[in-house]
Amino acid sequence: MPLSYDAIIIGSGSNGISAAIYLQQKGLKTAIFEQASTPGGSTRTQELTLPGFKHDVGSAILPMGFGSPFLRSLPLEKHGLEWIFPEIPYSHPFSDGTAYSCYTDIRKTAAQLGDDEASYLNLFEPLVKNWGKLENDLLGPLGIPEHPLDFIKFGMKALPSAKMLAKHYFKNEKSRIFFYGSAAHSTLPLDNMASASFGLVLSTMAHKYNWPFPKGGAQNFINSMLSYYKSIGGELYLNKNITHLEELPKSKTYLFDLTPKQLLKIKGTDFSDLYRKRMSSFEYGAGVFKIDWALDKPIPFTNEKCRKSGTVHIGFSEEEMENSEKVIHHKQMTDTPYVLVAQHSIFDTTRAPEGNHTAWAYCHVPNGSIADFSAIIEAQVERAAPGFKECILKKSTMNSVQLEAFNPNIIGGDINGGKQDITQLFTRPIAKLSPYATPDPRIYICSASTPPGGGVHGMCGFNAAKAVIKDHF
Ligand SMILES: Cc1cc2nc3c(=O)[nH]c(=O)nc-3n(C[C@H](O)[C@H](O)[C@H](O)COP(=O)(O)OP(=O)(O)OC[C@H]3O[C@@H](n4cnc5c(N)ncnc54)[C@H](O)[C@@H]3O)c2cc1C
């Protein structure tokens, strides 16, 4: 191991590796230090149930990884990455057996919505058309936008709550439920300001890019990033749990792919009391309860469109969904939570032995909950797919605390590196011109706790690395 570096990155999540790649591309000497024995953080694939069944422990569907301005500039396909595009990006089944699907074709999608067809087009067509202009402004820290007019127009739709936006645009409950399915990825109450923004961005990505995922598992995304990183001279050290800067070789800069709570525990940093105080008030969001199934057949959804979708959002009424996403913030659960299901093996035969299948799901739960929610998740899936439970060969579950044990960044089960409400969306971890920099000039944060927040897009790492270059090199 060399004695000194230009930049050391602590943590090999998608953001840590993105930061390392950008700095290495700029000719710097870099290395990544990771506490786990396998790289990838929340983007890892393991045989959690039975041999030959590959389950994504964390992230599973990577539209932002495919569409990310930084990641799509990398030659990842040359380093083993293969994308799988499901026939339908996502669907939402209703209690009468019908379903709405989000197709890449925006007109085909809108045509399902009856009276709400024109409103759907009115809401999404400008976003899909102008996404190329919007993405850089939305995927960085708050600043002067490159395209102010488009940014303001987006802000007017994105700042309200999902509930307010859905009520304004859609007359029919099914259309509102359909919108809630993607807005609820925010893990916020659906009447919280800016919860609409998640529905807008994620559905726009589905129309623009589909909701693809890496062949063989999300781990292959990380493996391709690392293969490229090493090919340009980067170094990765595993099983290195960093607790003190002294445990690392000398470096001009250190980029932490950690959340504020963890960074504050690292010894040897030189942070002001004020910075520590502000970072200590950073808020974490609700947790998740995760379940993976090995199945002897695909999930038998009643609706055919759901059987052809990579992702299925489950929530049978507006009230059920609003309630489920609200009560978790008051340490409660409903019996009918919003559930996200991903089914890779229908499109990717490498995920399970021949004839068998995998499925991945989670619901949002109170932060830190250790309760077992498998029965209510399975009951929700069964409502949309009678006979589902009989297909289960084996399951693996992880409550919030077990997820945090798997990856210390998943504080209390929060998969986004901190609450993503209006106060912490663009100004995370604290409101500051460069949220990536800290009062210790050597130290930067590059995790999902910085803008643009959770998801596998690498943009937090890329933005942090740009700040390092600007300040030091
Ligand atoms: C269950 C679940 C489902 C998800 N689903 C999706 C999805 O489908 N699509 C999507 O886009 N996103 C999804 N996400 C969110 C996405 O995975 C995260 O937002 C993203 O991985 C964050 O990347 P990161 O690099 O910021 O941090 P992480 O991936 O959390 O990586 C941080 C790394 O730092 C390491 N580390 C921590 N402390 C130390 C230390 N002291 N020393 C050394 N190393 C340390 C950790 O081991 C880890 O490897 C999901 C997450 C989870 C958990």
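## Polar contacts with the ligand

A polar contact is a pair of N or O atoms within 3.5 Å, and within protein one atom must be able to donate a hydrogen and the other to accept it, while residues adjacent in sequence count only if both atoms are side-chain atoms. The model is predicted, so that local features need pLDDT of at least 70 and side-chain atom pairs count only at pLDDT 80 or more, whereas totals for chains, interfaces and linings use all residues. Residues are numbered from 1 along each chain as its sequence is written, and side-chain values use heavy atoms, with hydrogens and water left out.

A polar backbone atom of Ser-42 is 2.9 Å from an oxygen atom of the ligand, and an N or O atom in the side chain of Asp-257 is 2.8 Å from a ligand oxygen atom. For Gly-455, a backbone N or O atom lies 2.7 Å from an oxygen atom of the ligand. Of the 1,000 Å² of accessible area that the ligand has on its own, the protein covers 94% (areas come from the Shrake-Rupley method with a 1.4 Å probe).

## The shell around the ligand

The ligand is surrounded by 40 residues, of which the closest are Glu-34, Gln-35, Asp-257, Asn-407 and Gly-455; a residue counts as near if one of its heavy atoms lies within 4 Å. By class, the shell has 16 nonpolar, 20 polar and four charged residues, where Ala, Val, Leu, Ile, Met, Phe, Trp, Tyr, Cys and Pro count as nonpolar, Asp, Glu, Lys and Arg as charged, and the others, Gly among them, as polar.

Both α1 (14-25) and β14 (357-365) supply at least two residues of this shell, and α1 gives the most, with three; helices (H or I, at least four residues) and strands (E, at least two) are DSSP runs, numbered from the N terminus. Because domain 1 (4-35 + 240-283 + 416-472) and domain 2 (48-65 + 80-101 + 210-216 + 286-414) both give residues to the shell, the ligand lies between them, with domain bounds taken from an automatic or database assignment.

## Enclosed cavities

On a 1 Å grid over the protein atoms alone, a cavity is a set of points where a 1.4 Å probe fits but cannot get out, and its lining residues have an atom within 4 Å of a point. The structure holds two cavities of 30 Å³ or more, and the largest has a volume of about 50 Å³, a volume being the space filled by probe spheres set on the points, which are joined across faces, edges and corners. Its lining, which includes Ser-186, His-329 and Lys-419, has two nonpolar, seven polar and two charged residues.

Note on methods: 1 Å grid on protein atoms, 1.4 Å probe; cavity = no way out; pocket = protein on both sides within 12 Å on 5 of 7 lines; lining within 4 Å.
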